[in-house]
Amino acid sequence: MPPRQSGVSGFSNSQETKIELVEKAMSFVPYDQRDGFIWIDGALVPWRDAKIHVLTHALHYGSGVFEGARIYGGEVFASTAHSERLHASANIIGFEVPYTVAQLDQAYRDVIEAQGLTDGYLRPIAWRGAEEMGVAAKRTKIHVAVACWDWGSYFPEEERLKGIRLRWADYRRPDPATAPCRAKAAGLYMICTIEKHKSMDEGYADALMLDWQGRVAEATGANVFFVKDGKLHTPIADCFLDGITRRTVIALAKKRGIEVIERRIQPEELAGFEQCFLTGSAAEVTPVSEIGEYRFTPGEMTKTLMAGYSAGTRVKTAAAE
Ligand code: PMP
């Protein structure tokens, strides 16, 4: 296939060709061209018909909130915590999810069953619809959808085990006075996608973002932990997402008698840390080998917490074996 013409897209020919080659190698099927069912506003809809109008408010103004959860052995890990966070995120950006937490949890079970999935990823989303255009959107209906699909390791498996490489992000997590930073709101991911793409273009797996005051914050879709002298250090989650996996790993560490210190971490302090890992529903516990100029070696503590998290998420599967 001849390279596509570069121009308005801003991508060079070589970049597009590289993406095409990678997609071909991975036999990538576009997400809108898959089969099965997606739960929308209370009903299961054939996957390819799960479409919305181009004047959807959320598309123009970022008025959407979402969740990302993993399915292990046919069940959503921390299902209710994810449903509660969807409600909390919606409230922060000014609307109510029109389904209760119990109804959302049931919707997850229904869509997982319709998809016949045992292990995978679940994406609930709530958004303002196309009923009213403009910044004012009080007459929009709140829509909810839940999709799920088979999804392997968030980072390439070979890289994951030896530790992934991160670069420093250019953008910072916004000041809580400038954005609803505690919500898992679609609009907040604009800077994450920019940083993730820059990282991929430069051969990195992801980027580590600082907070608005220049302290270590989180990756583009995961929280960060460091190990020093047998203790865990992690930034205080007061201007970025306090991940469900973050809280699970903190509890897991404390149960094992590991001291967990939540504090402000300056970027220069990374020189003194021995190990580093990311946590997230998609990322699970992923060792990091490099952040900019700093190097880490995945060690016992990281391995113990990886194994502990893996065992915790697969309790039912393990019990059935
Ligand atoms: N930070 C960001 C920006 C995220 O997108 C995620 C993934 N939801 C996390 C942290 C980790 O959150 P959780 O452990 O709840 O998935």
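In this predicted model, the loop that joins strand 1 (37–40) to strand 2 (43–46) contains Asp41. The backbone of Asp41 has a positive phi of about 45°, although Asp41 is not a glycine. Such a value deserves mention because most residues other than glycine have a negative phi. The relative accessible area of Asp41 is 32%, and the residue is therefore classed as partly exposed, since that class lies between the limits of 20% and 50%.

A second aspartate with a positive phi is Asp229, for which the angle is near 50°. Asp229 is likewise part of a loop, here the one between strand 11 (223–228) and strand 12 (231–235). With a relative accessibility of 60%, Asp229 counts as exposed, because the cut-off for that class is over 50%.

Strand 12 also borders the loop in which Asp238 is found, and the other end of this loop is marked by helix 7 (244–255). Asp238 is partly exposed, its relative accessible area being 28%. When neighbours within four places in sequence are left aside, the contacts of Asp238 are Pro176, Cys181, Arg182 and Arg264. For one of these partners, Arg182, the separation along the chain can be set beside the separation in space: Arg182 and Asp238 are 56 residues apart in sequence, while their C-alpha atoms are 7.5 Å apart.

A buried position is provided by Arg128, which belongs to strand 6 (residues 120–128) and has a relative accessible area of 13%. This value places Arg128 among the buried residues because it falls under the 20% limit. Apart from neighbours within four places in sequence, Arg128 is in contact with residues that include Thr56, His57 and Ala58, together with Ser63, Gly94 and Phe95. Further along the chain, the contacts of Arg128 include Ala137, Thr140, Lys141 and Ile142. The C-alpha atom of Arg139, a residue 11 positions away from Arg128 along the chain, is separated from that of Arg128 by 9.1 Å.

The protein as a whole is divided into domain 1, which covers residues 34–149, and domain 2, which covers residues 157–313. The centres of the two domains, taken over C-alpha atoms, are separated by 26 Å. Contact between the domains involves 18 residues from domain 1 and 19 residues from domain 2.

The secondary structure of the protein consists of nine helices and 16 strands. The radius of gyration is 20 Å, close to the 20 Å that the globule rule gives for 321 residues, so the protein is as compact as a globular protein of that length. Along the principal axes, the C-alpha trace spans about 55 × 50 × 45 Å. Among contacts in the protein with a sequence separation of 6 or more, 67% are made by residues 24 or more positions apart.

Of the 321 residues, 47% count as buried. The accessible surface of the protein amounts to about 16,100 Å², and carbon and sulfur atoms contribute 56% of this area. With regard to charge, the protein carries 38 positive and 42 negative side chains, and the centres of these two sets lie 2 Å apart.

Methods. Residues numbered from 1 in each chain as written. Predicted model: local features only at pLDDT ≥ 70, side-chain atom pairs only at ≥ 80, totals over all residues. Heavy atoms only, no water. Helix = DSSP H or I, 4+ residues; strand = E, 2+ residues; numbered from the N terminus. Rg over C-alpha atoms; globule rule 2.2 N^0.38 Å. Buried < 20%, exposed > 50% of the residue type's maximum accessible area, 1.4 Å probe, protein only. Contact = heavy atoms within 4.5 Å. Areas by Shrake-Rupley, 256 points an atom, 1.4 Å probe, with all protein chains shown as cover. Lys, Arg positive; Asp, Glu negative; His and termini not counted. Charge placed at Lys NZ, Arg CZ, Asp CG, Glu CD. Domains from an automatic or database assignment.
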